[in-house]
Amino acid sequence: MKWIVITAALALASPALAEGPAAQSMPSYPGVPADLAKAAAEFDLGQVKGDAAILRRVLADDYLLINSQDKREDKAQFIADYTAKGFTMEPFAIDDQVIKVWSDGAVLGGAVTMKGMSEGKPYSVRIRFSDIWAKRGGKWQVIYTHANRVAAGS
């Protein structure tokens, strides 16, 4: 089974994104600048809904993911994974949050338990991730993610 890893997952859900149960149960991050919080909320929602348009917008063209299987994925591969037929991801909560923000960059991360369906089989996996965000041309985009599986009981 192909495991999909979560990349970014942070934010204060903006009113435009606060539609339906998925948006209502998504993470929020007090203290994150509003424009970054909005971008992060869009990224979270794009992953949960499998929305390619959102993912294309929030992932930088040069995006790189090192996934939980220590494999490299680019933007196109990431979007293909999250929009694959039969793939679903439930809304999630972030534990042990990491937030580091500077004028044109940020690290947003933490640990999540991902649950859903992939290739017709249910999955549940605990992931620790770090998303690197850059503000380019006035827009926040994820440029790099590193994710690893968390050992049981950790």
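**View 1. Aromatic pairs in the predicted model, with Tyr-63 and Phe-78 as the example.** In this predicted model, the number of aromatic pairs, counted for rings whose centres lie within 6.5 Å, comes to six. Tyr-63 and Phe-78 form one such pair, in an edge-to-face arrangement with 5.7 Å from centre to centre and 70° between the planes. Because Tyr-63 belongs to strand β1 and Phe-78 to helix α4, the pair ties together parts of the chain that are 15 residues apart in sequence. Tyr-63 and Phe-78 are both buried, and both also belong to one aromatic cluster, which is made up of Phe-43, Tyr-63, Phe-78, Tyr-82, Phe-87, Tyr-123 and Trp-133.

**View 2. The chain as a whole.** The chain contains four helices and seven strands, and when it is followed from the N terminus, its elements come in the order α-α-α-β-β-α-β-β-β-β-β. Of its 154 residues, 47% count as buried. If one takes the contacts between residues at least 6 apart in sequence, 58% of them join residues at least 24 apart. The area that the chain exposes is about 7400 Å², and carbon and sulfur atoms supply 53% of that area.

**View 3. The largest nonpolar core.** This core has 31 residues, and those that touch the most other members are Phe-43, Leu-59, Phe-78, Met-89, Met-114 and Trp-133. Two or more residues each come from α2 (34–49), α3 (52–58), β1 (59–66), α4 (75–82), β5 (105–118), β6 (121–136) and β7 (139–149). Among these contributors, α2 gives the most, with six residues. Phe-78, already shown as the partner of Tyr-63 in an aromatic pair, thus appears here again among the core residues that touch the most other members.

**View 4. Helix α4 and its buried side.** The buried residues of α4 are Lys-75, Phe-78, Ile-79, Asp-81 and Tyr-82. Since they cover an arc of only 160° around the axis, they lie on the same side of α4. The elements that cover these buried residues include α2, α3, β1, β2, β3 and β5. At the start of the helix, a side-chain oxygen of Asp-74 comes to within 3.2 Å of the backbone nitrogen of Ala-76.

**View 5. Asn-67 in the loop after β1.** Asn-67 is placed in the loop between β1 and β2 (72–74), and it counts as buried because its relative accessible area is 4%, where the limit for buried is under 20%. The side chain of Asn-67 is joined to that of Glu-73 by a polar contact of 3.0 Å. Asn-67 can also be located relative to Phe-78, since the two residues are 11 apart in sequence and their C-alpha atoms are 9.7 Å apart in space.

**View 6. Gly-86 in the loop after α4.** Gly-86 has its place in the loop between α4 and β3 (88–89), and its relative accessibility of 42% is the reason why it counts as partly exposed. When residues up to four places away in sequence are not counted, Gly-86 touches Met-117, Ser-118 and Glu-119. Gly-86 and Lys-121 are 35 residues apart along the chain, and 9.0 Å separates their C-alpha atoms.

Terms used. Residues are numbered from 1 along each chain as its sequence is written. This is a predicted model: local features need pLDDT of at least 70, side-chain atom pairs count only at pLDDT 80 or more; totals for chains, interfaces and linings use all residues. Side-chain values use heavy atoms; hydrogens and water are left out. A nonpolar core is a set of buried Ala, Val, Leu, Ile, Met, Phe, Trp, Tyr and Cys residues joined through side-chain atoms within 4.5 Å. Buried means under 20% relative accessible area, exposed over 50%, partly exposed in between (1.4 Å probe, protein chains only). Contact means heavy atoms within 4.5 Å. A polar contact is a pair of N or O atoms within 3.5 Å; within protein, one must be able to donate a hydrogen and the other to accept it, and residues adjacent in sequence count only if both atoms are side-chain atoms. The arc is that of the directions from the helix axis to the C-beta atoms. Rings of Phe, Tyr and Trp (its six-membered ring) pair if their centres lie within 6.5 Å; planes under 30 degrees apart count as stacked, over 60 as edge-to-face and the rest as tilted. Accessible areas come from the Shrake-Rupley method with a 1.4 Å probe; for residues, only the protein chains shown count as cover.
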